[in-house]
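Okay, thanks for making time, everyone. I'd like to walk through one model, a piece at a time. Let me put it up.

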Amino acid sequence: MIVRFPWTISAIMGCLWPILAIAQVDLPSTLKVEKGTPQTICESGIPSSWRDAQIIDGVDIQESRICNPDDPAIIAAVVKGTNNVSMKTFMEVGLAADSIIKKDDIDGDGDPDRIIIKLEVIELNGYSPDFKGPDTTFDIAPGIQPGMWVFAPKTRGMSTLDIESNQANPLLRAPSPVIRVEQGDSVSIVLENGHYFPHTIHLHGVDHPFVDSSGEGNDGVPQTSEGLVMPGESRTYNIKPRQTGAMVYHCHVQTHVHLAMGLVGMFIIEENRPDNWVQTLNIGAGQVRHPAAAIREDFNQEYDLHYHALDKELHSIIQSANDPRLIAKKMNREYDLTDSSEDYHTLNGRSFPYTLFESLITVDPDEKVKIRLFNSQGETLAMHTHGHKATITHYDGIEHNPAAQITRDVYDLAPAQRMDLTLDTTNDGLHNYGEGIWIFHDHREKGITTDGMNPGGNISAVVYKKYLTEEGMPKVQGIDLAAYFTKEFQQRSYPVWQDADEWNSLGEVDTTEKGNRETADGSVVSEEAHNVNTPQTDRNSFRNLFVGLLAGLLLYFIIVRREQVMKLINSRMNGKGVDE
Amino acid sequence: MKLRLLPFLGIFALSAVGHAKEQQPDFVDHDTMLMDHGNGHLMNMDGGMVMGQNKEILPGGCKRISDNKELTIKAGHKFAKPFPGRMFAFDQQELRYKPCTRLTIHLINEDNIRHQFMMHGLPKYIYPRGMFHLEVTGPGKISGTLIFPSGDQTFLYHCDIAQHMGKGMKGQIIIGKGSGTLPSIPGISALAIPDSYDRQTIEKREPDEHVVPVEKKSAPLISGIFVIGLALGLLVAPILARRYKGMTASEIGTDVLSLVKSGASGILQFISWLAGLLGGQKKEF
């Protein structure tokens, strides 16, 4: 009897085996990944009145229907100059008193012709030896904080929003501000280098003498025209540009990395007109809310679009150490640009979805919009507009023969090139196909990703005003945008097509319970499932097998010796009963 | 005479003189041209600024001003020279005063850029946002006055321009016995998060924001693998039972040991056989 017992058990197991085998054949179920709280920068208490057309201190400011419009007080201050703007307006903005000086109507045409612009070098998302995480933060997308350097207008007071916050104040941001002057102005660009590395300013494409009247170098090239502007030093670049157009300024020290770090901006020379107070700085680029006189003659609106790209390896160097000597070594000698690849693609300093807050082109039908395109990426840009074919009027600031101008829908720019476009919103099937939310983006597809995650990168949109909400967001009629505003999406843990249909057919595979396989990066999943990394899974498998084996052996002996076991249990129970 | 005129003419006059002047501006004393914006906030149009100035109001617990002191503190790139791996510094890193001291600070900026002397943590009912602040573009000087509170406390002073504190512009004012020593002060205290100077271990520090905390839970014991183990156990058990039938526990133990031993010696023999193959070849040469 006892001898026959094992074979009985084997027979039972044989019958059970198909059921056990089903567990192996059946595929893992789908689980729902928690989205996390969407991070927004639009709800930061911006008064809706900022979006309206208005006049401050005599400065005519156009409406800006986007979610994060430029502060009208800042527009007034940069148009009038910090020396001319009213004290009330000046006190509202964080600019230093001497940051933009505009004076001396030399040609007597009603506008100042002597312009002094002071720029500082600011590190965003840098290192602090006092706490973990980046200092003076600027998110290019939710939770994405690459270390950057920018030229910034000279400011006063704290670098951050307030004492509690670690977020950079709104004047300190990427990209470096667009500088606008009038043709023939006497312009001094003063670089006050408060950064811990040497820098210079090279005025790329801007008419400037190699040396100024005092014999000082003016080209910004530390090897040929001047030395380095060391930390704590300042240098003034004096120019009187005779030609108009969209040009560039950038640091020319270790240019291969300093330009990519963000020390590059647009420099636009507007045509001379009477009473022409130009918007000296366009902080954060985007819409020019006070276009120059010549632009207003021909266009309804003007936009500056600055495209940039970042290699996260380079941009993490300044987050890896505090000692400037270590940072210099890593950046100048260990980092190899020839082995690099660009991961983040920004338009006006931010990536999708934050571009929706700041870089929408908002239009009405039958408008003409002037667009200044600039590519400071390391690779060619192939900007494409949905719903529109724009006309290329200028290359690198020089007007193209009007008879030979090209109207097309992909605009290709080599690194450092500029292009002026005329966007015509007339619905004629050529210039425009009607009203809508028409996205525009780099058609080199890596440009529409944030470190490979799509949608991301430099995607933005031309939005007709009837498709805009009160808060300046596009009234989309497709996928809910909320997920894109979460860190989970940016960090690849949120499935792109989660809940695309009723039963989440393309959701996350539940790899933890049944298949013992692993999610791609160890992300947060909902409470019913667990997150396990690979080695732990292997250990668990072995442990489970061993425990199972022991349990099997124990079970066998319990069955074989069941009489003794029952007896033992009974005696225990009885004994217990007696005790009680 | 010239130095007295300059503050009034400011940068406008300088720029009119010529470009060479702009490159090396003369020292500017900003104290004489400040405009009072109320609440201890003074400012001029040349970038000089004082915030939280308080010459009169006694903080709670102070019966009177205990001491009147003046401090001249210098700021600039050159003061970082004694501290390798720093880029900007003050000329003094630690200062001591009695509680309820009235202190007038003269900040002298010897660089050609902006610097600050900023303090936080002062009583908010006197100092707006608990802050005292001096700011001046160099080369130049700006002055401000404050009255310290009554308790023992250590105050931080620093420059809040991005990166200036981390790169060396940090010091402490110890009032009375103070309330400890602050980290990362050049020459006083170690960096709170030290750099690694070992070439091999220099690695990227992940910003906190990038890390999503992952909840670690152990995997469940009852799983497919467990069931397989259970089945194996049940299958193997009768075979073992037949082998060890009628044996005592010690006999079973000895048998298992001898099995393990013979298994191990088998493996060893195999290894030595492999080694012999290789060694044998060597001997032939």
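Strand 15 of chain A, residues 301-310, pairs with strand 16 of chain A in the antiparallel sense, over 4 bridges. If you want a handle on the register, A:Tyr307 has A:Leu347 in strand 16 as its bridge partner. And is strand 16 buried or exposed on its two faces? Covered on both: A:Tyr344 and A:Thr346 are buried on one side, and A:His345 and A:Leu347 are buried on the other. Keep in mind that this is a predicted model.

Now compare strand 23 of chain A, residues 410-413. Here the side chains alternate: A:Tyr411 and A:Leu413 point to one face and are buried, while A:Val410 and A:Asp412 point to the other and are not. Strand 23 is paired with strand 19 of chain A, residues 381-385, antiparallel again and over 4 bridges. The bridge partner of A:Leu381 there is A:Leu413, one of the buried residues I just named.

Next, a sheet. This one is open, with 5 strands of chain A in the order 9-11-12-7-13, and the pairing is mixed. Which strands stand at the edges? Strand 9 (202-204) and strand 13 (281-282) do; each has a single partner strand, so one side of each is left without a neighbour in the sheet. For strand 9 of chain A, 3 bridges tie it to strand 11, residues 245-250, and the two run antiparallel. Look for A:His202 there, whose bridge partner in strand 11 is A:His250.

On to helix 2 of chain A, residues 72-80. Why do I call it largely enclosed by the rest of the structure? Because 9 of its 9 residues are buried. That list includes A:Ala76, A:Ala77 and, at the end, A:Lys80. What do they pack against? Strand 2 (54-56), strand 3 (59-61), helix 3 (87-92), strand 4 (100-103) and strand 13, in chain A. Just after the helix, A:Gly81 takes a positive phi of about 95 degrees.

A:Ala76 and A:Ala77 turn up again in the largest nonpolar core, which has 160 residues; they are among those with the most contacts inside it, along with A:Val150, A:Leu263, A:Phe267 and A:Leu373. Take A:Leu263: leaving out residues up to four places away in sequence, its contacts include A:Trp149, A:Val150, A:Phe151, A:His199 and A:His250. Apart from that core lies another, of 7 residues, among them A:Tyr556, B:Ile225, B:Phe226 and B:Leu230.

For the opposite situation, find A:Glu164, in the loop between strand 6 (148-153) and strand 7 (178-182) of chain A. A:Glu164 has 7 C-beta neighbours inside 10 Å, so this residue counts as exposed. From A:Glu164 to A:Val190 it's 26 residues in sequence and 32 Å in space, C-alpha to C-alpha.

Some overall numbers for chain A, then. There are 11 helices and 27 strands, and buried residues make up 48% of the 580 residues. Of the contacts between residues at least 6 apart in sequence, 68% join residues at least 24 apart.

And how confident is the predictor? Chain A averages a pLDDT of 89, and 89% of the residues score at least 70. The stretch to flag is residues 515-536 of chain A, where pLDDT stays under 50; the model has 46 contacts beyond four places in sequence for that stretch.

Definitions and conventions:
Residues are numbered from 1 along each chain as its sequence is written. Chains are lettered from A and ligands numbered from 1 in the order in which they are written. This is a predicted model: local features need pLDDT of at least 70, side-chain atom pairs count only at pLDDT 80 or more; totals for chains, interfaces and linings use all residues. A residue is buried if 20 or more other C-beta atoms lie within 10 Å of its own, exposed if 12 or fewer, and partly exposed in between; C-beta atoms are placed from the backbone. Two strands pair if DSSP finds at least two bridges between them. A nonpolar core is a set of buried Ala, Val, Leu, Ile, Met, Phe, Trp, Tyr and Cys residues joined through C-beta atoms within 7 Å. Two residues are in contact if their C-beta atoms, placed from the backbone, lie within 7 Å. pLDDT is the predictor's confidence in each residue, from 0 to 100.
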